[in-house]
Amino acid sequence: MKKRFVVMGIMTSIILASCNGNDPAPRESRIIFSFAEPLTTTATRAGSPFDTNSFILTVRDIEGDTLYNGLYGRRPPELTVRAGTYEVSAVSEPFTAPAFESPQYGDSQIIVASNGEDVNVAFLCKMTNAGVSIALTDAFKAKYPAGRLILKQDGGSLEYGYGEKRNGYFSPGNVSFWYSGTDGDKALFNRTVSAGEQHCLTLNASKEDSQSGFSIEVDTSTFRIVETVTVGGAFTGEDGSSAAKALNIRSAKEHVGDTVWVWGYIVGGDLSSSSANFTGPFTKSSNIAIAATPSENSYANCFSVELSRTAIKNAINLVDNPGNLGRKVFLKGVISTYFGLTGLKSVTEYSW
């Protein structure tokens, strides 16, 4: 009995100590912010430096509650938080809907604060939306007279008058190009834009089905995509029956087993069952990866392509043709599974 009382006494002491708050209390963590590049080397495309102190810094917890929303230069010396997950962002200006002359620069990150440990956040200064400028040929103006162009996105739309010279800016994603005339609105074509891209489009007009040619010029921070788009009368009729009616990657995934034309940008090679080489140098000439945008670097978003025919392999593979990286290509083959992805096998034809 005596031993039992001793044990119970010890247990009672432990319980009382716990109730009296002698256990270590949770400690707060500090979030420390900086920009990865010095201010003097971070500049706009025009060459003038950013004042990152004027950026908008936002810190939210996992529940969506805002802990700080204000100028980066006026942030608290130490932002203390409890252990948990937080979303932090620093941007040059707000951007929620398409707008003219509104490039947004900055970065956003998800961070995890551990109990009592400091978290260092180094923001990158990069363009987070995409720009679009439009020029019109005389042939386009003749076929679509006295009208206007409307570029639509889920977040809103922008109207381009025929004399518009400004750049429009859009969130990454799909942009629909529409002509608005006296007979109502007519869909012309779609483009998928990614963060950091500047699309310079010249619109031409033709009685033929849609077709396009393009070139890509890369600068230090932004993809500048210069493209001439010939608008025909049946763009929405893409069925994969020809290069002019080639399917995009999303549509092609719905045609497994079919022999069709597919288009995409060459973004990598050296495929395995779970990865691809997106930067080179390349070592395998038997396959490539294509994607909806030339800046794609996520394997899961790619479309695998088998290069088995010698002539096609010699013309397209990235080992012998590293300059093909980023080029848009039209391919005819069988939609199948290849290296763990929906892809194209038995390619018999191609076109640039």
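Visitor: What makes Glu349 count as partly exposed?
Guide: This is a predicted model, and in it Glu349 has a relative accessibility of 36%. Buried would take a value under 20% and exposed one over 50%, so a residue in between is called partly exposed.

Visitor: And what about Lys332, buried or exposed or something in between?
Guide: Lys332 comes out at 24%. That is not under 20%, and not over 50% either, so Lys332 is partly exposed too.

Visitor: How do you know that Lys332 and Glu349 form a salt bridge?
Guide: Look at the closest N and O atoms of the pair, which are 3.6 Å apart. The cut-off is 4 Å between a Lys or Arg nitrogen and an Asp or Glu carboxyl oxygen, so the pair passes.

Visitor: Why do you say that this pair ties parts together?
Guide: Lys332 sits in strand E22 (residues 328–338) and Glu349 in strand E23 (residues 341–351), so the bridge joins parts that are 17 residues apart in sequence.

Visitor: How many salt bridges does the rule give?
Guide: Five. Another one of them pairs Asp107 with Lys126, with N to O at 3.8 Å. That is within 4 Å, so this pair makes the list as well.

Visitor: Which parts does the pair of Asp107 and Lys126 tie together?
Guide: Asp107 belongs to strand E7 (residues 105–113) and Lys126 to strand E9 (residues 126–127), so the two parts are 19 residues apart in sequence.

Visitor: Why is Asp107 called buried?
Guide: Its relative accessible area is 7%, and anything under 20% is buried, so the label follows. Lys126, its partner, is at 41% and counts as partly exposed.

Visitor: What makes Glu159 and Arg148 a salt bridge?
Guide: Their closest N and O atoms are 2.5 Å apart, and the rule asks for within 4 Å, so the pair qualifies. Glu159 lies in strand E12 (residues 156–160) and Arg148 in strand E11 (residues 148–153), so the link spans 11 residues in sequence. With 44% for Glu159 and 30% for Arg148, each partner is partly exposed.

Visitor: Over to the strands: which ones close into a barrel?
Guide: Five strands do, in the order E19-E20-E21-E23-E22, with mixed pairing. On average, neighbouring strands there are turned by 55 degrees against each other, direction ignored.

Visitor: How do you know that strand E19 and strand E20 pair?
Guide: E19 (residues 259–269) and E20 (residues 287–291) share four bridges in the antiparallel sense. At least two are needed, so they count as a pair. For an example you can pick out in the model, Gly269 has Ile288 in E20 as its bridge partner.

Visitor: Why are E4 and E8 called edge strands?
Guide: They belong to an open sheet of three strands in the order E4-E1-E8, with mixed pairing. Strand E4 (79–81) and strand E8 (119–123) each pair on one side only. Neighbours in this sheet are turned by 30 degrees on average, direction ignored.

Visitor: What makes E1 and E4 a pair?
Guide: Strand E1 (residues 29–35) and E4 have three bridges in the antiparallel sense, and at least two are required, so they pass. Ser29, for instance, stands opposite Val81 in E4.

Visitor: How many aromatic pairs are there?
Guide: The count is 12. One of them is Phe35 with Tyr72, at 5.1 Å centre to centre and 75 degrees between the planes.

Visitor: Why is that pair of Phe35 and Tyr72 called edge-to-face?
Guide: Centres within 6.5 Å make a pair and planes over 60 degrees apart make it edge-to-face, so 5.1 Å and 75 degrees fit the label. Phe35 is in strand E1 and Tyr72 in the loop between strand E3 (66–71) and E4, so the pair ties parts 37 residues apart in sequence. Both rings belong to buried residues. They also join Phe33, Phe55 and Phe123 in a cluster linked by ring pairs.

Visitor: What makes Arg327 a charge over the ring of Trp352?
Guide: The charged end of Arg327 is over that ring, 3.8 Å from its centre. The distance limit is 6 Å, with an angle of within 35 degrees of the ring normal required as well, so 3.8 Å satisfies the distance part. Arg166 does likewise with Phe100, lying over its face at 4.0 Å from the ring centre.

Technical notes
Residues are numbered from 1 along each chain as its sequence is written. This is a predicted model: local features need pLDDT of at least 70, side-chain atom pairs count only at pLDDT 80 or more; totals for chains, interfaces and linings use all residues. Side-chain values use heavy atoms; hydrogens and water are left out. A salt bridge is a side-chain nitrogen of Lys or Arg within 4 Å of a carboxyl oxygen of Asp or Glu. Buried means under 20% relative accessible area, exposed over 50%, partly exposed in between (1.4 Å probe, protein chains only). Axes are lines fitted to C-alpha atoms, for helices over the stretch in contact, and angles run from 0 to 180 degrees between N-to-C directions. Rings of Phe, Tyr and Trp (its six-membered ring) pair if their centres lie within 6.5 Å; planes under 30 degrees apart count as stacked, over 60 as edge-to-face and the rest as tilted.
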